[in-house]
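Reader: I should be grateful for a close look at one part of this structure, namely its aromatic pairs. Please explain where they lie and how they relate to the rest of the chain.

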Amino acid sequence: MLFICGDYMEDYEIMVPFQSLQALECQVDAVCPKKVPGDTCPTAIHDFEGDQTYSEKSGHDFTVTASFEE
């Protein structure tokens, strides 16, 4: 399974499926343009705090596990 990632992707949209598939012992990799394995992509969390729209907060640093060249 290959996840194509980018900076400031939604935290739960990448972390939950990626880790769930790993827990099921699936072969999972994440790639990001211009990044190599070990680099990180910052994620974002969108949170509704009573306003009519959401606020954006910093999420986790998601680690890239492969490159497009591999």
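Author: Accessible areas come from the Shrake-Rupley method with a 1.4 Å probe. On that basis, the protein chain in this predicted model exposes about 4,900 Å², and carbon and sulfur atoms supply 52% of that area. Of the 70 residues in the protein chain, 31% are buried.

Before the rings themselves, the setting should be described. The protein chain has 1 helix and 5 strands, and from the N terminus on its elements follow the order β-β-α-β-β-β. Taken along the principal axes, the box filled by the C-alpha atoms is roughly 45 × 30 × 15 Å. An open sheet is formed by 3 strands in the order E2-E4-E5, with mixed pairing. Strand E2 (9–10) and E5 are the edge strands, each of which pairs on one side only. Between E2 and strand E4 (residues 40–48) the pairing is in the parallel sense, over 2 bridges. Met9 stands opposite Thr43 in E4.

We now turn to the rings. A search of the whole structure finds 3 aromatic pairs. One of them joins Phe18 and Phe62 in an edge-to-face arrangement, with 5.0 Å from centre to centre and 85° between the planes. This pair links distant parts of the chain, since Phe18 belongs to helix H1 (residues 11–23) and Phe62 to strand E5 (residues 54–63), 44 residues apart. Both Phe18 and Phe62 are buried.

Another pair is made by Phe48 and Tyr54, whose ring centres are 6.2 Å apart and whose planes meet at 75°. Ring centres must lie within 6.5 Å to pair, and planes over 60 degrees apart count as edge-to-face; the Phe48 and Tyr54 pair is therefore edge-to-face. As for their surroundings, Phe48 has 58% relative accessibility and counts as exposed, because the cut-off for exposed is over 50%. Tyr54, with a relative accessible area of 45%, is partly exposed.

The rings of Phe18 and Phe62 also take part in a wider arrangement: ring pairs link Phe3, Phe18 and Phe62 into a cluster.

The link between distant parts of the chain made by Phe18 and Phe62 may be set beside a value for the whole chain. Among contacts between residues at least 6 apart in sequence, 61% join residues at least 24 apart.

How values were computed: Residues numbered from 1 in each chain as written. Predicted model: local features only at pLDDT ≥ 70, side-chain atom pairs only at ≥ 80, totals over all residues. Heavy atoms only, no water. Phe/Tyr/Trp six-rings, centres within 6.5 Å; stacked < 30°, edge-to-face > 60°. Helix = DSSP H or I, 4+ residues; strand = E, 2+ residues; numbered from the N terminus. Buried < 20%, exposed > 50% of the residue type's maximum accessible area, 1.4 Å probe, protein only. Contact = heavy atoms within 4.5 Å. Pairing = 2+ DSSP bridges.
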